[in-house]
Amino acid sequence: MNKWMLLIWLCLCALPSRADVSLDTQFTQLQGIDFEYTFDDVSDIRLLDKATWQRHEGGLLNLGLVSKPLWLKVNIANHGMTAQDLLLSVNNNLLDKITVYIQQQNSALQTLALGDKIPLFKRPIRHESQLIPLHLDPNVDKNIYIQLDHDGPLTFSLSLWNQIEYLKYKSRFNLVYGVLAGFMLAMVFTNCVLYYFSRQPYFITGAALIAAFWMLVIHIYGFSYRYLYSEWQWLQQYGQAHLVLLSTLLFTPLIWHTIGKQHMIHVAKRALEIMGIIGAICLLLLSTLPIGLAVMSSYIVSLVLTCGYLALTAVGIHLGFRYRVAISGSCLLLLFSLLYQFLQALGVMTHAWLDHPIVYLCALFISMFVSYMLTQQYVAMRDSTIQAQQQRIAASQAEDALLKERLKLQEQASEELETRIDERTFELQVTLRELEEKNRETRKIKHGRCAH
């Protein structure tokens with residue numbers, strides 16, 4: 001009954017209204033279309049005509065945290081002579097629930113359901129984006145009413161596409177961002193391979209950090225929901241909060257393994273341990289909070305942790321850590337990305353062209369800085385190990401040469417000593433012979449005297 005009453009009301013409202021979007025035969029796409037919205041609590045469909053509508057002149061609409069559903073109203077007119085198959089895109093892949101009411105020409109009402117709370121196979125189009133299929137006959141106006149029910153920061157825009165043009169656009173989009181995502185994934189595998197050969201724990205930390213950023217960016221773009229966990233709506237809803245805090249928290253072991261052991265004082269090391277423990281506890285508690293509060297808490301804790309990382313990095317650099325550009329650049333990019341996302345969530349920033357690409361590029365450069373820093377640290381450690389081995393070999397060779405010289409001197413001394421002993425022995429033998437001769441002579445003399 002409510003659907004029929006809504007249909008009657010839509011037909012009455014369609015008469016005096018003007019078309020918000022006018023199309024011709026050559027229509028391809030229209031980004032940031034105009035629409036009207038209201039937060040009025042409409043429990044009865046018939047009361048929608050009494051709602052207070054506000055007009056939004058296209059582009060991104062950022063309302064920050066909202067506590068009740070939002071109604072949108074869009075009117076599309078096909079002034080061409082041929083029917084058109086279009087796609088209306090709600091440009092936010094993370095919205096919880098989208099209910100669409102489309103007026104049909106045969107006095108029927110089409111209802112569609114989208115959003116994270118809806119399994120992927122139940123969407124009208126199995127796609128990571130929130131797409132609403134539309135069919136417009138020639139010279140026809142069509143009203144579309146959309147109800148958005150989202151727990152958390154509400155940011156979105158509407159765009160209208162010709163189906164073929166959207167396929168072309170999405171193919172280019174997926175190619176570019178797929179290459180970037182593949183590059184990040186390659187860095188994950190590279191760090192895993194380096195760990196396998198070197199057994200250095202910081203390579204596993206780097207791989208986990210880059211993997212967390214990779215999961216975050218593909219989650220934001222909806223690829224994870226489409227390809228990885230399309231049946232887990234809970235993970236899709238809480239994924240942003242967990243991945244933001246997890247990717248930030250993984251900087252704790254990274255800083256510990258890179259600059260903590262040799263280039264930080266005891267107090268700084270203790271502070272890093274406390275930060276890691278607090279971040280881990282907050283990460284475990286996120287699932288107990290409502291989605292909107294979990295997202296905001298994740299950003300706040302992540303920003304606090306990042307400021308702490310910057311302070312500890314400054315201490316490490318002051319005490320002699322060499323890779324100051326890589327580690328400080330990573331922390332600054334993390335701070336910039338988190339601060340931008342947090343301001344977006346609060347509704348302070350509404351620049352659509354700075355939305356997700358900033359997060360993607362920051363994650364990409366952080367991954368590059370981390371991989372470069374870890375690789376250089378391993379190379380430096382290997383070089384220092386080789387140098388220490390060479391020094392030990394040189395010292396051993398010097399000791400061997402010294403020992404040989406000592407042995408040679410001992411042999412010479414032994415030979416000289418033997419020569420001297422032989423000489424002394426010969427002299428002693430000569431002396432003994434002389435003494436024996438003298439004794440014989442003495443005995444002869446004594447015998448001669450005795451005979452006389």
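This section describes a sheet, a helix and a nonpolar surface patch in a predicted model.

Four strands are arranged as an open sheet in the order E2-E13-E7-E10, with antiparallel pairing. The edges of this sheet are formed by strand E2 (29-30) and strand E10 (130-136), each of which pairs on one side only. Within the sheet, strand E7 (residues 84-90) and strand E13 (residues 158-162) run antiparallel and are joined by 5 bridges; Val-90 has Leu-158 of E13 as its bridge partner.

Helix H3 comprises 20 residues (residues 201-220), and the distance from its first C-alpha to its last is 29 Å, which is close to the 28 Å expected at 1.5 Å a residue. Of the 20 residues of H3, 15 are buried, and the helix is therefore largely enclosed by the rest of the structure. Just after H3, a positive phi of about 85° is found at Gly-222.

At the surface, Phe-183, Leu-361, Phe-365 and Met-368 together make a nonpolar patch of about 350 Å². The element that gives the most to this patch is helix H10 (residues 356-451), with 3 residues. Phe-365, one of the residues that make the patch, is located in helix H10 and has a relative accessible area of 39%. Because this value lies between the limits of 20% for buried and 50% for exposed residues, Phe-365 is classed as partly exposed; the value is also over the 30% required of residues that make up a patch.

Methods:
Residues are numbered from 1 along each chain as its sequence is written. This is a predicted model: local features need pLDDT of at least 70, side-chain atom pairs count only at pLDDT 80 or more; totals for chains, interfaces and linings use all residues. Side-chain values use heavy atoms; hydrogens and water are left out. Patches are made of residues with over 30% relative accessible area and no salt bridge: like charges are joined within 9 Å, nonpolar side chains (Val, Leu, Ile, Met, Phe, Trp, Tyr) within 5 Å. Accessible areas come from the Shrake-Rupley method with a 1.4 Å probe; for residues, only the protein chains shown count as cover. A salt bridge is a side-chain nitrogen of Lys or Arg within 4 Å of a carboxyl oxygen of Asp or Glu. Helices (H or I, at least four residues) and strands (E, at least two) are DSSP runs, numbered from the N terminus. Buried means under 20% relative accessible area, exposed over 50%, partly exposed in between (1.4 Å probe, protein chains only). The expected span of a helix is 1.5 Å times one less than its number of residues. Two strands pair if DSSP finds at least two bridges between them.
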